[in-house]
Amino acid sequence: MNFDITSLDKDFADGLRELRADYKFGLDGNVKLTAAQGEAGVARGDNGYVITYDKKCEFYRGFIKLLAGEIGYSERCSFKNLGAMIDCSRNAVMTVTAVKSLIRRLATIGYDTLELYTEDTYEIDGEPYFGYLRGRYTASELKELDGYGATFGVELVPCIQTLAHLNAITRWKRFSPIIDCNDILLAGDEGTYELIDKMFNTVSQCFRSRRIHIGMDEAHNLGLGKYLDKNGYSSRFEIMSKHLKRVLEIAEKYGYSCTMWSDMFFRLLNKGAYKPADGEISQELLDLIPQNVTLTYWDYYNNDSEHYDKMFAAHKIMSDRIAFAGGAWCWNTFTPSNLMSINRNKLALENCVKHGVDDVLITVWGDDGAECPTFAVLPTLVATAELAYGKTDFKKAFKIATSIDWDDFLTLELADNTMRGISGDFIGGNMTKVFLYSDLLCGLYDYAMRPEFYERLTTAANRLRAAQRRTGKFSYMFKSTAALVELAAQKFDFGVRARAAYKAGDKPALKALADKIPQLVKLVDKFYKAFRECWYSENKPQGFDIQDIRLGGLRQRMLHCRDILNDYLNGKTEQIAELEQEILPAFDLERGQELRECGWRNMVSASV
């Protein structure tokens, strides 16, 4: 279609000009386009169409529906705020261009909020070591993104850390006086609050929003390091409460309304567990929880409606300000788990509506190196938005949003489904990462390898290659994943076969395996090039050095394993020590979640 946009407000006109990067339409025609506030929908108007919207982003959601021929409907989002959170702290910091592309996608899907999770990846005046060499966002970059989001009705909300998860700064001497232990700031120390004040001062100048997420999660050893040395043992619940009140005072100084993760209040009451308290919580403890902060209940794991009921009830005992965060699973792995995420978020959103929670966030974490591209979770983001708008035809909505078939996009997670049928119902996994990094001679997961994996992996690789040809600007993801799966198909059972041949004294079989290693190295090189292209399609260069180190180490280890095998075959050594030892089960395969949470450090070697 070719539209006349002369009657639109400047933001909408500017936004549509930007959308031409993603969709095909003209803006110099005679199909009149007008906008009006009201219940979201699209209707015919004088010489064209009227897009009505409650939230500004719904104008763009309506526009792409119009492009797809959806006219004469109305809809309403179940939530006041529907947001996405992107992890920019686990080495991958999205480029400004990529974040702008994400903002456009989020608006057209129906999201009104984007949180950039930045532990130290934003610059602070007077703190040169904060985010040093980490690809941190400059103030000008954040201001540019904030303005771009405003055009599309996507509020950029700073998401920072004011207690724990600040591991990257702990290596610098500048911050050592204010570190309690691990990655936790020293509560009660004035130097800590001076740094936090600088954090607020920075974000207050870069973001127009006066909502902020202040973190405060997973400070498991709070008060047990330098704090304990200085002050002796104190109630950790009380330490947490006093620290939070100081942070909220700083936030109020800059005009902020704060949200925090809720888990620490529960963990301190339940010996580390994030669950409802055993027994009644005393009023004395409840009085320590500030009421001028929203508690975000995060849950990426549960398929039990009763559990949500109990957790929401427990939160309401603590506060009448509650938000919820679900997950778009993509952490610890190269591939997303969209179907698992959608199933869990569906149940979570139903319970949010049931309990009157109107602030929902979908998190896109990047634990263990952020190997999975952010845009790989688009199916989860689309499906969750559709659920928020009371819709369930995800395939249709995805096609409208991306011009790509749903089934093609979901091939990204095929390879990690190799465990299906082995450990019962598949719940999401990182088997491709296991296959990639499992050692050729000391593979910690060799006990889990099955012959049928080969057919599943080769089938997945073929489907990924086919999808790559049909996925347009997102083809880089499919190219990288296909190369990974092709390598996995040739490598996954190398250790199993090597150990069997060695124990049987079958030197010809060992020779064939040694001769295969150069082929595996070539496949590593092929994957490396594709993965590097994938990374640079979305992220700044900083952080990829870790991938260089991991994949370079894998390549060198393969070459060394070839030498080990050849030395034995040539009589230089009398045995292969690595193959003398049996491989013991590392995880119970009936509990795939444990494997899903395993990171590179724990799968690459048993050594320290």
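1. Let's start with strand 7 of this predicted model. Both of its faces are covered: on one side Thr-113, Glu-115 and Tyr-117 are buried, and on the other Leu-114 and Leu-116 are buried as well. In a regular strand, side chains alternate between the two faces of the sheet. Five of the five residues of strand 7 are buried, so the strand is largely enclosed by the rest of the structure.

2. Which strands pair with strand 7? Strand 6 (residues 81-87) runs parallel to strand 7 and is joined to it by five bridges; here Gly-83 stands opposite Thr-113. Strand 8 also runs parallel to strand 7, again with five bridges, and in this pair Tyr-117 stands opposite Cys-159. Strand 8 (residues 155-159) has four of its five residues buried, so it too is largely enclosed by the rest of the structure. As background, strands of a sheet pair through backbone hydrogen bonds, either parallel or antiparallel.

3. Next, have a look at the loop between strand 6 and helix 3, where Cys-88 is found. Is Cys-88 buried or exposed? Its relative accessible area is 0%, so Cys-88 is buried. Leaving aside neighbours within four places in sequence, Cys-88 is in contact with Val-93, Leu-116, Tyr-117, Thr-118, Thr-121 and Tyr-137. Two of these partners, Leu-116 and Tyr-117, are buried residues of strand 7 that sit on opposite sides of that strand. If you want a distance to check, the C-alpha atoms of Cys-88 and Phe-474 are separated by 20 Å, with the two residues 386 apart along the chain.

4. Asn-91 lies in the loop between strand 6 and helix 3 (96-109), and its backbone deserves a glance. Its phi is near 90 degrees, a positive value in a residue other than glycine. For context, most residues other than glycine have a negative phi. Asn-91 has a relative accessibility of 19%; because the cut-off for buried is under 20%, Asn-91 counts as buried.

5. Ala-370 is another residue with a positive phi although it is not a glycine, this time about 50 degrees. You will find Ala-370 in the loop between strand 15 (359-364) and helix 12 (378-388). With a relative accessible area of 12%, Ala-370 is buried.

6. Asn-539 is found in the loop between helix 19 and helix 20 (544-569). This residue is buried, at a relative accessible area of 8%. What does Asn-539 touch, not counting residues up to four places away in sequence? The partners are Ala-92, Val-93, Met-94 and Thr-95. Val-93 also appears among the contacts of Cys-88.

7. Now for the open sheet. Five strands are arranged in the order 1-2-4-3-5, with mixed pairing. Its edge strands, each pairing on one side only, are strand 1 (2-4) and strand 5 (73-75). On average, and with direction ignored, neighbouring strands of this sheet are turned by 35 degrees against each other. Strand 3 (residues 40-45) and strand 5 run antiparallel and are joined by three bridges, with Ala-40 opposite Glu-75. Helix 2 (residues 57-67) packs on this sheet and touches strand 1, strand 2 (26-37), strand 3, strand 4 (48-53) and strand 5. The direction of helix 2 makes about 145 degrees with that of strand 4.

8. How do helix 1 and helix 4 meet? The axes of helix 1 (residues 10-19) and helix 4 (residues 139-151) come within 9 Å and cross at roughly 105 degrees. The two helices are therefore roughly perpendicular to each other. Helix 1 contributes Asp-11, Asp-14, Gly-15 and Glu-18 to the contact, while helix 4 contributes Tyr-148, Ala-150 and Thr-151. By class, that gives two nonpolar, two polar and three charged residues.

9. Finally, the largest nonpolar core has 218 residues. In soluble globular proteins, nonpolar side chains tend to be buried together. The members that touch the most others are Leu-16, Leu-33, Leu-114, Phe-200, Ile-214 and Met-477. Helix 19 (residues 507-538) supplies the largest share of this core, with 14 residues. Leu-16 is a good place to zoom in: apart from neighbours within four places in sequence, Leu-16 is in contact with Ile-5, Leu-8, Phe-25, Leu-27, Leu-33, Phe-59, Tyr-60 and Phe-63. Leu-114, also on that list of well-connected members, brings us back to strand 7, where it is one of the buried residues.

Key:
Residues are numbered from 1 along each chain as its sequence is written. This is a predicted model: local features need pLDDT of at least 70, side-chain atom pairs count only at pLDDT 80 or more; totals for chains, interfaces and linings use all residues. Side-chain values use heavy atoms; hydrogens and water are left out. Two strands pair if DSSP finds at least two bridges between them. Axes are lines fitted to C-alpha atoms, for helices over the stretch in contact, and angles run from 0 to 180 degrees between N-to-C directions. Contact means heavy atoms within 4.5 Å. Angles under 35 degrees count as roughly parallel, over 145 as roughly antiparallel, 65 to 115 as roughly perpendicular and the rest as oblique. Ala, Val, Leu, Ile, Met, Phe, Trp, Tyr, Cys and Pro count as nonpolar, Asp, Glu, Lys and Arg as charged, and the others, Gly among them, as polar. A nonpolar core is a set of buried Ala, Val, Leu, Ile, Met, Phe, Trp, Tyr and Cys residues joined through side-chain atoms within 4.5 Å. Buried means under 20% relative accessible area, exposed over 50%, partly exposed in between (1.4 Å probe, protein chains only).
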